[in-house]
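The following account leads the reader through a single protein chain, from its strand connections to its overall arrangement. Please keep the sequence and the model in view while reading.

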Amino acid sequence: MNALVSKFKALTEREQILVMISAVVVVIGLFYFLIWSPLNAALHQQKQLLDNQQSLLVWVKDSAVRAQQLRKSSNRATPFRGSLPQAVNRTTSSHSIAISRMQPQDDELQVWIDQAPFNDVLEWLKTLEGMGIVIIQADIAEADDPGYIKVRRLQLGKA
């Protein structure tokens, strides 16, 4: 350290000023690149994550309200009269859903679907509920393709 101080004192006054200015610039650069920039990037990333979580919360709250409204409206639905297999066949064809297996049991019907688009299945189920057909039990899994699901077992009944 003494060697550096002696070399610094051996410099001319102008060179000493340039070395001090350079040292200040290096310290500011190190502060920016080692402290300020990483903290700023982490702060921006956390703000983005917070925004995403807040939008998800809004969506969940909206969906909960919609689900409650649908639940209330489905309770007032008229009971279904007719054949469950016929109603299911008619509605699946209009929603482009291929049923792999159907098994009637008394006043209920079990349905299996190998693969179908998630949104189409939701619309189909909504149509069935609008007709007065209730979902008693559902076992649904993710299919191999994105956006597709498998209905392992769907048990339907009359309201």
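In this predicted model, the hairpin of strand 1 and strand 2 has two residues between the strands, and Asp106 takes a positive phi near 55° there. The two strands of this hairpin pair in the antiparallel sense, and five bridges connect them. Two of the facing positions can be located directly in the model. Pro104 has Leu109 of strand 2 as its bridge partner, while Arg101 stands opposite Trp112, also in strand 2.

Strand 2 also pairs with strand 4, again in the antiparallel sense, over seven bridges. Within this pairing, Glu108 has Gly157 of strand 4 as its bridge partner. Gly157 appears again in the pairing with strand 3, where Val134 stands opposite this glycine.

Strand 3 and strand 4 (residues 148-158) run antiparallel and are joined by nine bridges. Another pair of partners here is formed by two glutamines, Gln137 and Gln155, the latter lying in strand 4. The hairpin of strand 3 and strand 4 has five residues between the strands, and Gly147 takes a positive phi near 85° in this hairpin.

These pairings can now be assembled into the whole sheet. What is the order of the strands in this open sheet? The four strands follow the order 1-2-4-3, with antiparallel pairing. Strand 1 (101-105) and strand 3 (133-142) each have a single partner strand and stand at the edges, so one side of each is left without a neighbour in the sheet. From one strand to the next, the twist averages 15°. As a general point, strands of a sheet pair through backbone hydrogen bonds, in either a parallel or an antiparallel manner.

Two helices accompany the sheet. Helix 3 (residues 84-94) lies across strand 1, strand 2 (108-117), strand 3 and strand 4, and runs at about 15° to strand 2. Helix 4 (residues 118-131) also packs on the sheet, where it touches strand 2, strand 3 and strand 4. The direction of helix 4 makes about 155° with that of strand 2.

Beyond the sheet, the division of the chain into domains should be considered. The protein is divided into domain 1 (1-73) and domain 2 (82-156). The C-alpha centres of domain 1 and domain 2 lie 51 Å apart.

Where does the largest pocket lie with respect to domain 1 and domain 2? Both domains give residues to the lining of the largest pocket, so the pocket lies between them. Its volume is about 470 Å³. Twelve residues line the largest pocket, and Arg66, Ala67, Leu70, Leu122 and Lys126 lie nearest its centre. Helix 2 (13-75) and helix 4 are the elements that give two or more residues to this lining. The largest share, seven residues, comes from helix 2. By residue type, the lining of the largest pocket divides into four nonpolar, three polar and five charged residues. Helix 4 therefore belongs to both parts of this description, since this helix packs on the sheet and gives residues to the pocket lining.

How values were computed. Residues are numbered from 1 along each chain as its sequence is written. This is a predicted model: local features need pLDDT of at least 70, side-chain atom pairs count only at pLDDT 80 or more; totals for chains, interfaces and linings use all residues. Side-chain values use heavy atoms; hydrogens and water are left out. Two strands pair if DSSP finds at least two bridges between them. Axes are lines fitted to C-alpha atoms, for helices over the stretch in contact, and angles run from 0 to 180 degrees between N-to-C directions. Contact means heavy atoms within 4.5 Å. On a 1 Å grid over the protein atoms alone, a cavity is a set of points where a 1.4 Å probe fits but cannot get out, and a pocket is an open set with protein on both sides within 12 Å along at least five of seven lines; lining residues have an atom within 4 Å of a point. Grid points are joined across faces, edges and corners, and a volume is the space filled by probe spheres set on the points. Ala, Val, Leu, Ile, Met, Phe, Trp, Tyr, Cys and Pro count as nonpolar, Asp, Glu, Lys and Arg as charged, and the others, Gly among them, as polar. Domain bounds come from an automatic or database domain assignment.
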